[in-house]
Each structure stands twice: as structure tokens, then as C-alpha cells.
Amino acid sequence: MFKTSLYIHDIKEISQEQILGLIQSKSLEKKIEGMKELIMYVSQGKANDHLLHIILKEVLLMENNELKRLLYYFLEIYLPLINDSEILLLNNQIRKDLENPNEFVRGFTLKFVSKLRSVDVLNNCYRSIKDNTTHSVGYVRRSAYYCLATIYKKVGIYEDVPKILKESLYKEMDSCCLIQAFCSLYDIDKEKAMSFAYEVANSKDKDFSLMLLDKILDKKFINCFIEDKDSEVRLKACLNILELDDEKNLLKFVEIIFNNLKEHEEYFDEVVVQLTKIKDRTDISRYVIDILQFINPYNFDMSKSCLSLAFNVCKSRDVCLVLQFIINKYKEIENMTLKNKALEILLIEYLSIFTKKFAICEKEIDDICIRNLKKDFPGLVFASLELIEILIGLSKDNQLINGLVNSIKSIKYGKIFRKTFEIIVKYAEVSHFNQIINFIEDRLKNNYFFDCLFFQKDNKFLLNFVCISLTEFYFRIPYNEDLKIKLIAMFIGFTKLEGLCDTTSKSTIFLCIRSISANVPYKQVEKKQSTKFKNIDVLTPLDIPMFNVKFTEQAEKLIDFLNCENTSNTLDNIVQLTGLSDPIYVEADVLFTRYEIILNVLLINQTEDYLQNMLFDFATSQNIRSVFLDLPKNMKARSAITKKLIFRVVDGSNGFISGSVTFKYPNENGEYANQHYTLNFSEIKTYVSDFLESKTCEPLEFKSTWKKMTWENVYSMKMLTKLSLKNVFDKFIKLVNGTIIDFKEDADILVANILCTTRQNDDIFFNVCLAKTDNFVNLECRIRSEKEDVVKSMSNVLGRVVKEVRIK
């Protein structure tokens, strides 16, 4: 409410004697400069307690307003060093300044008086303070209201202050003064302030109404503002109702909020918070399009909140409408040619979420993805590739596959190239395979390499990836002798490319050629190769069998272990983090404990070079924290090392661990460049199902605890299956690792209460209802827990139930 000044002390030092010399000068400019220096000097705690008399003698009687203002600033910060007898020296001057014709002098004098504790001085000034409450200038009146309330709280002897402030409220016309008077009265006499508030309600101006809504959180009082003439007041009142009201019928307030929110977008974050709180007890899905209307290409955070809230409240009946809206919004933003593509990427990601969850394919989405493949924005292209993979998995659309094959020659980034090739290998047909081979053969024949990423020296490791992918592709399609010959000939052509094929690349290519020639899939040849063949050169030590009996026995035991069927569960925990053709092959054995995720990482240097300064960098979801210290490592050529990495688990919700390793790689001359080579790891995903354990309790305890749980999600699914309700239910129990608390089954319906817990002791309560109609099973599942993330993560487990029981 008051003007403030900031004085910044510069580097030069000035002594107290020099400051006093400036103040005692006859020049007004020097006095002002001296007071400024004094204020900075005192604020640093350097002043002694003998300055007051000198300053008052030189400055007090001066009529200059600027000098007077500086004097009161000085007195304000010097006040702790002034005793009551010295304050009395200022008595008459303070009273005169409270009656000064200049309103700013009155204002900063009132501010100073509000900090005094001397009853004698306050008694002398009290009448002048009261008179200032009727001054014609609003700044003076505001200062007087603040001063009266402050001295009332400090001294407590002026019993008429609440009455004065309340009377001022009825007479006051200025909005700022009205707010200050009410806040002052509210601090000292809440009952009188509330009485006035209920009396005037929303009859005053907008600013005062908004202040009342901030101060008074009473449902009956707030209802008076629901139909206010100002849209911002109506919006604020409805938000307060949502925060206070525990009733289920809140839709009329939500309606008012959306009718007025467009004019006041600054309230959007608060609206999202309140709607998120009530979405579980009130169906607000009808407003999902209203929510999406606030997607703003110039406000990414708001747009992200819109999409997140819309996804959470959207019902199955609204999916097509929401999907079409997002498509139209994407087209609108796409035509704006924004440099920052973050919002476009976000929309593509949410298209992926909706498409995957509800299995909906749209021709317009296909067209968007094909257009995005031609753009030079890697983040947008990669997001589109993930969406394309989902769409092809649902519809096997040849248009999308053709678009991917045609985009190979224009790809500029290794990660995008790998993703594109992986999708092609997984879903493409023979015609696409021939198209890729013809394209590569044409480049080899005409030495036309500049538009192929995997023919560039900086990306020579991609050549291995292409060979392995094409070999996997070959074994996926029907046998074709002509295609086999063309593929082998092309691989042989790769080995003749100078500067692109090092020893590692040639070894990989020859392995692929042997695999195709023998008609044995790549993985089987690789296993056979590892057990029967050795790379021997001049420096390899002699291997004499009679001295190697112990090693042979260990090798035989290892082979028996690998061939054992019981090891399948153990091998399932191994995650491949890099490609077979990468300079460093990395895989991790993932172990889950109660509070930790342990990665036993194996690193194999597949190059003939010494790799320096290897450093790991990991990014994790919020529920996972890294607790290990990473130090630089070096790796010899053709060597392997292991590394143990430990991550702390905060809670058992879905999460991820992604990372990379950087190292220095020598060029053709054997020199190590200053730039580091970065190798990105595949993402390790963790699911709540990895941490679920069974738990039991009594039925009555289940029901009483159910009511206390904070978060609830409701899932509804319709599955086409030939399984009985009991078989579907058994699969559900197996996946959640739960204990049946209550169970009832009829001919076409099954109801049960289930309890399980995470290893971090977060209990999860299920209320499951299964109903069968013809070959369809309707699953209604209510899930409750103390943590929101745990409840949301269970959608992944329910998705696995649907996948296992539906007819394929």
C-alpha cells in the first residue's frame, strides 16, 4: 500500500565524518546526498547511537519535502537505537507533518507513526491520525487506515478505532481505500468486518468483491456473488464454491466457470486444480471440449494442462469428438508455422495415447503423420513415428508403410532412422522389402551416397544395423531364392566400401551372410558362433586343452544353464540397451527389491579401439531416484566390463529409466577428438505390477479402510472373449497378485473385493464387477489407494488383462 525506495550502496567507501560533513553543509543538494549516504551507512549496521541530535539539528526544520522524506526513512531504520526520551524531541514535528499541506509528507509520516510504540507520542498524534481518515486524497486515507489498525494492535488503548474504520467503510468511495479499510478492520475486529461484508455483499466494485472472496470462505456468503454483474467475480465465486462444497451436484458452478473463463485465462491453473479435485465425485466429461478450447499455441504449460485434464475426464462416448478436435487443432497450429514445435509434439503424443487406449484409426491422422515425416524437426518426426507404429499395429495400413519406406532417403538423424527401420522390419511386406533393396542397390551401383544416412562416415555404425534389420526382415517373409541372392550380393557390396567398413562391421555383415546362406535365423547363428568359433590373431595366447580342463567344465555348465527351460524367468529380466551393431553393446539385468531397482550392466567394447572417458547419464521418472556415483571409465579394445547401478524407488507407480553413455572415439588417424560420442540407451520401463504383493484383511476392515482412501479411479472395459467370467477373474487376480476378500458369482455376473499392496507398503483396494453378454465381458473396476500415481498406474495392469483374454 506504500511507496518504497531502494538504495543500492556502490563500491566506494565513505566515512561517518564525511557523511556528517555533507549533511552539515549549507547546500541543499549536499544535504540530500548526505542523507542518502547516511541511510545506506545505517542499513549496514555501522552507525552509532549519537547521530540523532546532529541529524535533527541540521535537517528537522528544513521545509524541503525530499529532505523530509529521507529524514523519515532514516528515522525508520534508526528507530531501534532511539530511546523514548529522544522520540519526544520529534513529538511536535510529527504532529505538524501529519497536518502538512503536502499529501505525500502526510503519507510517509503516517507510515513512520505506525512503527512507534511511545504512548505519549501516539496520544499527541492520535487526533491528527483520525483526521487523516477524511482527507481528500486517497493515498493519505489508506495510510491513515493502516496506521490506526497497527497502533491499535500494538497499544490497545484506542477503543474507538474499529468504529472509525467501520464508519469509513460506509463513506469510502475509492476502491483501494475501501480494501485497505476493510483489511485493517478485519485484522483487529473480525466480527465487525464480517458484519459489514454480509451487509454489502457484492454491492461494491469488482476489486472489493474479489478481496472479500479471498478473505471470506463461507459458502452462504459466496453464493451472493454467483450472479454478480462482473464475470471475474462470478468466476472467482464458483472456484471458491468448488473448493468448499462436498456435494455431488456442482455442475451449475462448473457451467458458470466455463462461461466466464475465456475472458480471464489467468485463472486457468486454479480451474484445473479444482476440476481435478471434483472429477471423481462429479461427472464433468460433458465439458471436455470446453477444456480443450483453451489450447494455446503461445502458452505451452496451459495447453499441456488442458490435454491432461481432458484425458482424465474423457469418457468412451466422447473419444471420437475429442480426437477430431485434437486433429483440427493440430492442423490449425501446423499452418501457423511456429518455430517452437513443442505443442505440435504434445498433440501428436496425445493422439498416440488416445489411439492406443481406444484403438481408433483416422485417415486424417495418417495424413498428418506422413506430412510430418518430411519435416526437419527431429522431435516431431520421432513422435509421429511412435504414432505410426501404433496405427500400423491396429490397421496394417500400407499407405503408412509406403510413407516410411519413401522417407528413408531423407532421414538425417540416427535415432529416427533406427525407429523407422524397426517399424518397417516389423510390419512391411515383400514389396516394401524389394523397394528398399532396389533403393540401396541403386546407390551402390552409381556411388550415389550423399542422401543416405547409413553411408556417411559419421554414422558408419548404422550400416551394421541395416544389415541385421534386413536379415531379420528376410526371415520374416516367405522364402524367395532371387531375393536371397540379391540380399547377399548387396551385403558383399557393403564390405567393399572404403572408410565405412571396419573390422566390426565386416564381422557383422559376414555373420548376416552366413545366416542367410544357411537359412538359419540370425539369433541361432549368433549363439552357434559364440560357442564354436574363435577370433584368433598373432597375439592370442596358446590354448592347450590339457591345461584348460577347468575352463571346459565351466563352459559346459554354462551351456547346460542356458539350455535349461527353468532359466526363462531369469532371462526375461535382461534388457538390451544398445544395438548389436553399436560400438559398445550394453545390456542390463534388472532386479526389483522393496526400495531399490538394481541394474547389473554388462558393457562390451566391440571395436578395435581404446575408448576413453566413459560416463553414464540417466534420466528417471519422479518415482525413481539414482543413488550411485558415476566415475569415468576406460575400455580396452574387445573387452567387457560390468557395472552395478542402484536406483531408489519412491513409490511403486509406473516409471522409466533412460540414459546414455558418452565416450571418446578415435578417428581414422587414431587421434581422439575433443567431441564426445554419445550412445543412447533403450528405455527401461517399470510398472506397478513389478512391485505388487498379496495382502489380506477381514471384510469389515476392507470396507472401513476403503472409505478412508484418498484417491479413486474407475475403469470400464468391454472385451470380446470366449473365456468364462471365472477364468477372466483368475487372470485378473494373477496379474495384480491380490487376495480375494469378498466374492460372489451368479450365472452372468461376478463381484469381488480384492486387496494387494506394493513393496513400498501402499495398499491398493479393488472393487471388481464382471458381467457377460454373449461373447462380451464388461469389466467395471474401482481402484482406491492413498497415492494418486499408484491408482493411475493400475490402468496398465488392466490393459494387460484385456490383451490376455480378448479374442485375437
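This is a predicted model, and the protein averages a pLDDT of 81. Of its residues, 87% score at least 70. Confidence peaks in strand β14 (residues 749–758), where the mean is 92. Helix α30 (residues 522–532) has the lowest confidence, with a mean of 41.

That weak region can be traced along the chain. Over residues 522–534, pLDDT stays under 50. The model still gives this stretch 16 contacts beyond four places in sequence. Residues 564–569 also have a pLDDT below 50. Here the model has two contacts beyond near neighbours in sequence.

Now turn to the interior. The largest nonpolar core has 186 residues. Ile55, Phe74, Ile94, Phe182, Leu470, Phe491 and Phe494 have the most contacts inside it. Another core, of 30 residues, lies apart from the largest one. Leu692, Tyr715, Val728 and Phe729 are among its members.

Helix α13 (residues 206–215) gives a closer view of packing. Its buried residues are Phe208, Ser209, Leu210, Met211, Leu212 and Leu213. What do the buried residues of α13 pack against? Their partners are α11 (175–188), α12 (190–200), α14 (219–222) and α15 (231–244).

Last, the cysteines. A search of the whole structure finds zero disulfides. Cys314 is in no disulfide, and its nearest cysteine sulfur, that of Cys320, is 9.5 Å away. The cut-off for a disulfide is 2.5 Å between sulfur atoms. Is Cys314 buried or exposed? Its relative accessible area is 12%, so Cys314 counts as buried. Cys306 is buried too, with a relative accessible area of 0%.

How values were computed
Residues are numbered from 1 along each chain as its sequence is written. This is a predicted model: local features need pLDDT of at least 70, side-chain atom pairs count only at pLDDT 80 or more; totals for chains, interfaces and linings use all residues. Side-chain values use heavy atoms; hydrogens and water are left out. pLDDT is the predictor's confidence in each residue, from 0 to 100. Helices (H or I, at least four residues) and strands (E, at least two) are DSSP runs, numbered from the N terminus. Contact means heavy atoms within 4.5 Å. A nonpolar core is a set of buried Ala, Val, Leu, Ile, Met, Phe, Trp, Tyr and Cys residues joined through side-chain atoms within 4.5 Å. Buried means under 20% relative accessible area, exposed over 50%, partly exposed in between (1.4 Å probe, protein chains only).
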